[in-house]
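Got the viewer open and a selection tool ready? Let's take a walk through this one, stop by stop.

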Amino acid sequence: MRIPGSSAALLASAAALAALCGCTVQPAGADGKQGLPVHVEPPGGPASGAARSGRGPGSTWSSPVPGAARTAPADPPTDTPGVTPSVPAPRVLWARGDSGPAVRELQARLRQVAWLAVGPTGSYDGPTEQAVKGFQGKRGLPRTGATDAVTWQRLVAMTRPPGRGELYPRAGRPAAAADPRCMTGRVLCISKTSRTLRWMVGGRTLSTMAVRFGAQYTPTREGVFTVYWKSRHHVSTLYHSPMPYAMFFSGGQAVHYSYDFAARGYAGGSHGCVNVRDETAIARLFAQVRIGDKVVVSW
């Protein structure tokens, strides 16, 4: 027995149920067949979360095969509308405490654009950090004081490759060959010829730094000595001048950091001490040298 309108009612009920369950049916293909359901999920289920997250029909939550296991959705691609990809920070090339030829070139280029007053030392010290901060701030870059890839590219674009005279200005030179007396033990191997100090252990050079010596009437003594006293915050009782990181080896003569050497370079001279202008380097050296270590001063 046919009840009038029952077919229409059944179809209406099916449509309402489909709308309630969130079922989406693919349009008919070229052969007139309906496609499989893209997604069936009751309200509040994973489909709702996928819709909120902007996942499209290709979401791995879709399960066109009845009874197939669902997998967790993958992270949205970087080009997903509404998702802003994070931009990684530029890679840091050099920062305070680093040393080497690359740092020396950085310092020479900073001098070319008048951000660094002192000559290159090859050690990323406080003045270098401040110079980099100034350069970064002037160009709208983050003032970190560390040389990252973006800062370096900007500096290279504004400067030229430094020549040898810029890398080793005013008699600052590569270290001379080590004196034979420096080849055994723990030695501060100091050369007046190249104006450099090598810190050597067992014949191997661990670090090198530029130094200057006494003036004409207060020369630095030459010979073989030993470190007999260390004074981190020393002040000269004779000249009333600071001598940080002092390592005494002959009477009142010592290897120590010099503010004057850092500021004026080889334009000045000491009262007989061996001056170091790289504060970072001598702080590290001071921590390693022991009482009784050998000191060799030679031409």
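**Stop 1: a pair of helices**

Start by selecting α3 and α4: α3 passes α4 in a left-handed crossing. Now show the side chains where the two meet. On the α3 side, pick Leu106, Gln107 and Leu110, and on the α4 side Thr128, Ala131, Val132 and Phe135, which together make the contact. Colour that set by residue class and you get five nonpolar, two polar and no charged residues.

How should you describe the geometry here? Two packed helices are described by the angle between their axes and the distance between the axes. For α3 and α4, the angle is about 55° and the axes sit 11 Å apart. That angle makes α3 oblique to α4.

**Stop 2: the loop joining them**

Stay with this pair and follow the chain from α3 (101-112) to α4 (126-138); the loop between them holds Ala114. Check its backbone torsions: Ala114 has a positive phi, about 65°, although it is not a glycine. Buried or exposed, where does Ala114 fall? Ala114 has a relative accessible area of 66%, and because the cut-off for exposed is over 50%, Ala114 counts as exposed.

**Stop 3: a second positive phi**

Next, select His240, in the loop between β9 (229-235) and β10 (242-250). His240 is not a glycine either, and its phi is positive at about 55°. Switch on a surface and look at the side chain: His240 is exposed, with 65% relative accessibility.

**Stop 4: helix α8**

Move on to α8, residues 279-288. Which residues of α8 are buried? Select Thr280, Ala281, Ile282, Leu285 and Phe286, and you have them. Then zoom in on the start of the helix, where a side-chain oxygen of Asp278 comes to within 3.2 Å of the backbone nitrogen of Thr280. So Thr280 earns two looks, as one of the buried residues and as the partner of Asp278 at the start of α8.

**Last stop: zoom out**

Reset the view and show the cartoon for the whole chain. Keep in mind that this is a predicted model. How many helices and strands does the protein have? The secondary structure comes to eight helices and 13 strands. Colour by accessibility next: 35% of the 299 residues count as buried. If you like contact maps, draw one for this protein and look at the pairs with a separation of 6 or more: residues 24 or more positions apart account for 48% of those contacts.

Key:
Residues numbered from 1 in each chain as written. Predicted model: local features only at pLDDT ≥ 70, side-chain atom pairs only at ≥ 80, totals over all residues. Heavy atoms only, no water. Helix = DSSP H or I, 4+ residues; strand = E, 2+ residues; numbered from the N terminus. Buried < 20%, exposed > 50% of the residue type's maximum accessible area, 1.4 Å probe, protein only. Polar contact = N/O pair within 3.5 Å; in protein donor to acceptor, adjacent residues only side chain to side chain. Axes fitted to C-alpha atoms, helices over the stretch in contact; angles between N-to-C directions. Parallel < 35°, antiparallel > 145°, perpendicular 65-115°, else oblique. Left-handed = near helix turned anticlockwise from the far one by under 90°. Contact = heavy atoms within 4.5 Å. Nonpolar A, V, L, I, M, F, W, Y, C, P; charged D, E, K, R; others polar.
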